[in-house]
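Reader: Please take a close look at one part of this model, the first inter-helix connection and its flanks, and then set it against other helical contacts. Please state the criteria behind each term.

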Amino acid sequence: MARGILEATFTHSKNLAMFVFLYKSLTSLMSWLQSEKVEFHSFMAAFVGGYLVFGRYNKVNEQINLYLLSRILYGLAKLGVQKGYIPKPKHDTFPFFAALVWGVVLWMFEYHKDTLQPSLKSSMTYLYHDSNQWNSFKNFLIYNK
């Protein structure tokens, strides 16, 4: 188990270091070639680095990409408000955000389970299906199946 954690930590740090090196090198090169820094440079450099470094499938890259996706979607909603593409909400939107996230994930779990990430599907199966059957304190609160 410790070996797996160390390998995952090494993969994570190595990939981040490679990505940062590529990103900084490419943005510097593009800025030098155009004699100025342009907003598109950051997207293009990250696109190339993301493809080369985080485009290789493994569990570490999958988790990093999923983590970033959730933060990006949240940030894009805020950017849409800042830029005026989305009207500024009059009330706190976080409860609706939470409701949407949980509504969609449970709908997907109940009716399209095969589309969910395996670890999420496993956890949800334990919580929402395996918990329907128990016959002792141990498998009610501690471990079931």
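Author: E39 has a relative accessible area of 74% and is therefore exposed; with a 1.4 Å probe and protein chains only, buried means under 20%, exposed over 50%, and partly exposed in between. The model is predicted, so local features need pLDDT of at least 70 and side-chain atom pairs count only at pLDDT 80 or more, whereas totals for chains, interfaces and linings use all residues. Residues are numbered from 1 along each chain as its sequence is written, and side-chain values use heavy atoms, leaving out hydrogens and water.

E39 belongs to helix α2, where helices are DSSP runs of H or I with at least four residues, strands are runs of E with at least two, and numbering starts from the N terminus. The C-alpha atoms of E39 and T27 are 9.9 Å apart, with their positions 12 residues apart along the chain. A similar pairing involves M30 and S42, which are 12 residues apart in sequence and 9.4 Å apart, C-alpha to C-alpha. M30 is part of helix α1 (residues 2–34). Leaving aside residues up to four places away in sequence, M30 touches E36, H41, M44 and A45, contact meaning heavy atoms within 4.5 Å.

The loop between α1 and α2 contains S35. Although not a glycine, S35 has a positive phi of about 60°. Most residues other than glycine have a negative phi. S35 is also exposed, because its relative accessible area is 68%.

Within helix α2 (residues 39–53), F43 and F47 lie 4 residues apart, about one turn of the helix. Their rings form a tilted aromatic pair, 5.8 Å centre to centre with 35° between the planes. Rings of Phe, Tyr and Trp (its six-membered ring) pair if their centres lie within 6.5 Å; planes under 30 degrees apart count as stacked, over 60 as edge-to-face and the rest as tilted. F47 is partly exposed, because its relative accessibility is 48%. By this rule the count comes to 7 aromatic pairs, and F19, Y23 and F54 form one aromatic cluster.

Helix α4 (residues 94–111) offers a further contact, with helix α5 (residues 118–128): their axes come within 11 Å and cross at roughly 85°. These axes are lines fitted to C-alpha atoms, for helices over the stretch in contact, with angles from 0 to 180 degrees between N-to-C directions. The two helices, α4 and α5, are therefore roughly perpendicular; angles of 65 to 115 degrees earn that label, under 35 counts as roughly parallel, over 145 as roughly antiparallel and the rest as oblique. On the α4 side the contact residues are W102, V105, L106 and F109, and on the α5 side L120, K121, M124, T125 and Y128. They divide into 7 nonpolar, 1 polar and 1 charged, where Ala, Val, Leu, Ile, Met, Phe, Trp, Tyr, Cys and Pro count as nonpolar, Asp, Glu, Lys and Arg as charged, and the others, Gly among them, as polar.

The ring of F109 also has the charged end of K113 over it, 4.7 Å from the ring centre; the rule asks for NZ of Lys or CZ of Arg within 6 Å of the centre and within 35 degrees of the ring normal.
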